[in-house]
Amino acid sequence: MNEIFLENYKINLGLYIKAHRERKEYTQQQLAEAIGVTPKSISYIERGENYPSPDNLFELAKVLDMSLDEFGFSHKKFDKTMLGTIVP
């Protein structure tokens, strides 16, 4: 059950990031450059094939004008090390 939740979360997180990227009218290339990754990395994240690293998640939040709460992490309870437990 936990694995199913994490897989669904990964897919939904990717779709959410994609929607916010498109709302800001950024290409994958532009977003990748803004957070210091490759466009391929953004593509993997948006398709739910990979999680962003904890540092990249923070950068995504900044660039897309989002809070960590919007990614499903309460800022009061979230610590970057927590995400490391689900990053493959």
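Helices here are DSSP runs of at least four residues, numbered from the N terminus. On that basis, the predicted model holds five helices and zero strands. Read from the N terminus, the order of elements is α-α-α-α-α.

Of the 88 residues in the chain, 34% count as buried. The exposed surface of the chain comes to about 5,500 Å², of which carbon and sulfur atoms supply 53%. Among contacts with a separation of 6 or more, 64% join residues that lie 24 or more positions apart.

Helix α1 spans residues 2-23, and two of its residues may be described in turn. K10 lies in this helix and counts as buried because its relative accessibility is 12%, where the cut-off for burial is under 20%. Residues up to four places away in sequence aside, K10 touches I45, G48, E49, N50 and Y51. The C-alpha atoms of K10 and E49 are 7.4 Å apart, although 39 residues separate the two along the chain. H20 also belongs to helix α1. With a relative accessibility of 11%, H20 is likewise buried. The contacts of H20, neighbours within four places in sequence excluded, are with L64, M66 and E70.

The loop between α1 and α2 contains E25. This residue has a phi near 60 degrees, which is a positive value in a residue other than glycine. Most residues other than glycine have a negative phi. E25 counts as exposed, because its relative accessibility is 70% and the cut-off for exposure is over 50%.

Helix α3 covers residues 39-46, and its buried residues are I42, S43, I45 and E46. Viewed down the axis of α3, these buried residues fall within an arc of 165 degrees and therefore line one face of the helix. P39 is found in the same helix, α3. Its relative accessible area is 29%, so P39 is partly exposed. P39 touches Q28, Q29 and A32 when residues up to four places away in sequence are not counted. For P39 and Q29, the C-alpha to C-alpha distance is 5.0 Å, with their positions ten residues apart in sequence. Just after α3, G48 takes a positive phi of about 75 degrees. G48 is also one of the residues touched by K10 of helix α1.

Helix α2 (residues 28-35) and helix α4 (residues 54-63) cross at roughly 115 degrees, their axes coming within 9 Å of each other. This crossing of α2 and α4 is right-handed. On the α2 side the contact is made by L31, A34 and I35, and on the α4 side by N56, E59, L60 and V63. By type, the residues of this contact divide into five nonpolar, one polar and one charged.

The buried residues of α4 are P54, N56, L57, L60, A61 and V63. Among them, N56, L60 and V63 take part in the contact with α2. V63 is placed in helix α4 and is buried because its relative accessible area is 17%. Apart from neighbours within four places in sequence, V63 is in contact with K24, Y26, L31, A34 and I35. One of these residues, K24, is 39 residues from V63 along the chain, and the C-alpha atoms of the pair are separated by 9.3 Å.

Just after α4, D65 takes a positive phi of about 55 degrees. D65 is a residue other than glycine, and it lies in the loop between α4 and α5, the latter helix covering residues 80-83. The relative accessible area of D65 is 54%, so D65 is exposed.

Methods: Residues are numbered from 1 along each chain as its sequence is written. This is a predicted model: local features need pLDDT of at least 70, side-chain atom pairs count only at pLDDT 80 or more; totals for chains, interfaces and linings use all residues. Side-chain values use heavy atoms; hydrogens and water are left out. Buried means under 20% relative accessible area, exposed over 50%, partly exposed in between (1.4 Å probe, protein chains only). Contact means heavy atoms within 4.5 Å. Accessible areas come from the Shrake-Rupley method with a 1.4 Å probe; for residues, only the protein chains shown count as cover. The arc is that of the directions from the helix axis to the C-beta atoms. Axes are lines fitted to C-alpha atoms, for helices over the stretch in contact, and angles run from 0 to 180 degrees between N-to-C directions. A crossing is left-handed if the near helix is turned anticlockwise from the far one by less than a right angle, and right-handed if clockwise. Ala, Val, Leu, Ile, Met, Phe, Trp, Tyr, Cys and Pro count as nonpolar, Asp, Glu, Lys and Arg as charged, and the others, Gly among them, as polar.
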